[in-house]
Amino acid sequence: MAQHKGRGSVIWQATMSLDGYIAAAGDDMSWVFQHIDPADPGAAAVPERLGAVIAGRRSFEVGRRDGMEVFDGAWEGSQFLLTNRPADGLPGALGVRAGNIELIIQEAITAARGRDVGIIGANVAQQCLEAGLIDEIVVHVAPVLLGNGVRFRGAEGMRELRLESAQTHENVVTLHYTLEKETS
Ligand SMILES: NC(=O)c1ccc[n+]([C@@H]2O[C@H](COP(=O)([O-])OP(=O)(O)OC[C@H]3O[C@@H](n4cnc5c(N)ncnc54)[C@H](OP(=O)(O)O)[C@@H]3O)[C@@H](O)[C@H]2O)c1
């Protein structure tokens with residue numbers, strides 16, 4: 001398991017279709033709720049660990065459109081929103097940020113006070129992967145083929161992934177990976 005002196009891990013948790021999408025066409029997320037059981041220990045484990053989350057604007061807007069709060073409102077912590085657009089009309093409690101992903105992650109790590117930091121959105125996750133900032137990836141593979149939508153994303157020159165566990169709950173497989181630290 002990834003361990004960091006004095007701070008938590010940076011985790012990307014996502015539900016992915018068997019053909020590699022995290023959202024269906026039109027940012028449709030209904031398939032996630034059809035397949036993911038909130039009582040699945042694999043799905044519930046990550047939110048319990050988080051002290052801060054960082055979401056991309058697109059994920060935030062889809063959640064707002066669908067009337068969803070972060071983790072169904074059953075979670076409390078620091079929330080950061082990344083956007084280059086004006087923050088008018090956004091909830092005041094959100095920490096609206098733009099620019100250097102490394103500095104934003106550092107701020108979230110501090111805000112998490114020793115707990116973990118969750119990443120929401122593939123665009124944001126890819127930036128973090130490219131900068132070597134992700135410590136763990138937790139993917140719930142849903143038994144559905146979407147054919148189109150928003151892709152799960154990697155990054156060139158990624159660090160080695162180590163499979164920590166693979167758990168099955170009903171028809172969903174949860175894969176938990178840690179990323180090796182870069183050695184220079
Ligand atoms: N299946 C799952 O588990 C899961 C989880 C989360 C989200 N999703 C879905 O994934 C889709 C969104 O993913 P996505 O990868 O397309 O987008 P995203 O990562 O949610 O958001 C991307 C946007 O965030 C802003 N942003 C990102 N990095 C920034 C930076 N460094 N500085 C300033 N702004 C920055 C930009 O918004 P501006 O255009 O405002 O500048 C950018 O267009 C949605 O459909 C969502 O529902 C699925």
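**Strand pairing, helix faces and the ligand shell**

In strand E10, Val172 stands opposite His169. The coordinates are those of a predicted model, in which local features require pLDDT of at least 70 and side-chain atom pairs pLDDT 80 or more, while totals for chains, interfaces and linings use all residues. Numbering runs from 1 along each chain as its sequence is written, and side-chain values use heavy atoms, without hydrogens or water.

The pair His169 and Val172 is a good place to enter the sheet. E9 (residues 161-169) and E10 are antiparallel strands joined by eight bridges (strands, E, of at least two residues, and helices, H or I, of at least four, are DSSP runs numbered from the N terminus; strands pair if DSSP finds at least two bridges between them). Further along this pairing, Thr174 of E10 faces Gln167. The hairpin of E9 and E10 has two residues between the strands, and one feature of its turn is the positive phi of Glu170, near 50 degrees. Such a value invites a second look, as most residues other than glycine have a negative phi. Glu170 sits in the loop between E9 and E10, and its relative accessibility of 59% makes it exposed (buried is under 20% relative accessible area, exposed over 50% and partly exposed in between, with a 1.4 Å probe and protein chains only).

E10 (residues 172-179) also pairs with strand E7 (residues 136-142), again in an antiparallel arrangement, through six bridges. Within this pairing, Ile137 has Tyr177 of E10 as its bridge partner.

Moving back along the chain, the loop between H5 and E7 contains Asp135. This residue is buried, with 1% relative accessible area. A polar atom of the Asp135 side chain lies 2.7 Å from the backbone nitrogen of Val10 (a polar contact is a pair of N or O atoms within 3.5 Å; within protein, one must be able to donate a hydrogen and the other to accept it, and residues adjacent in sequence count only if both atoms are side-chain atoms). Gly132, which follows H5, has a positive phi near 70 degrees.

Two helices have buried residues gathered on one side. In H5, those residues are Ala122, Val124, Ala125, Cys128 and Leu129. They share one side of the helix because they cover an arc of only 155 degrees around its axis (the arc is that of the directions from the helix axis to the C-beta atoms). H5 also holds Glu130, which is exposed at 55% relative accessibility. In space, Glu130 is 25 Å from Ala43, C-alpha to C-alpha, and the two are 87 residues apart in sequence. In helix H4 (residues 101-111), the buried set consists of Ile101, Ile104, Ile105, Ala108 and Ile109. These residues fall within an arc of 140 degrees when seen down the axis of H4, so they line one face of the helix. A general rule helps in reading such patterns: with 3.6 residues a turn in an α-helix, residues three or four places apart point the same way. Leu103 and Thr110 are exposed on the other side of H4.

The ligand brings several of these elements together. It is surrounded by 24 residues, of which Asp27, Ser59, Thr83, Asn123 and Gln127 are the closest (a residue is near a molecule if one of its heavy atoms lies within 4 Å of it). At least two shell residues come from each of strand E1 (10-17), strand E2 (21-23), helix H3 (57-65) and helix H5 (122-130). The shell comprises eleven nonpolar, nine polar and four charged residues (Ala, Val, Leu, Ile, Met, Phe, Trp, Tyr, Cys and Pro are nonpolar; Asp, Glu, Lys and Arg charged; the others, Gly among them, polar).

Among the closest residues, Asp27 is found in the loop between E2 and helix H1 (30-35). Asp27 has a positive phi near 55 degrees, in a residue other than glycine, and counts as buried at 18% relative accessibility.

Three side chains offer polar atoms to the ligand. A polar side-chain atom of Thr83 is 2.5 Å from a ligand oxygen, and an N or O atom in the side chain of Ser59 is 2.6 Å from an oxygen atom of the ligand. For Gln127, the side-chain N or O atom lies 2.7 Å from a ligand nitrogen. The ligand on its own has 930 Å² of accessible area, and the protein covers 86% of it (Shrake-Rupley method, 1.4 Å probe; for residues, only the protein chains shown count as cover).
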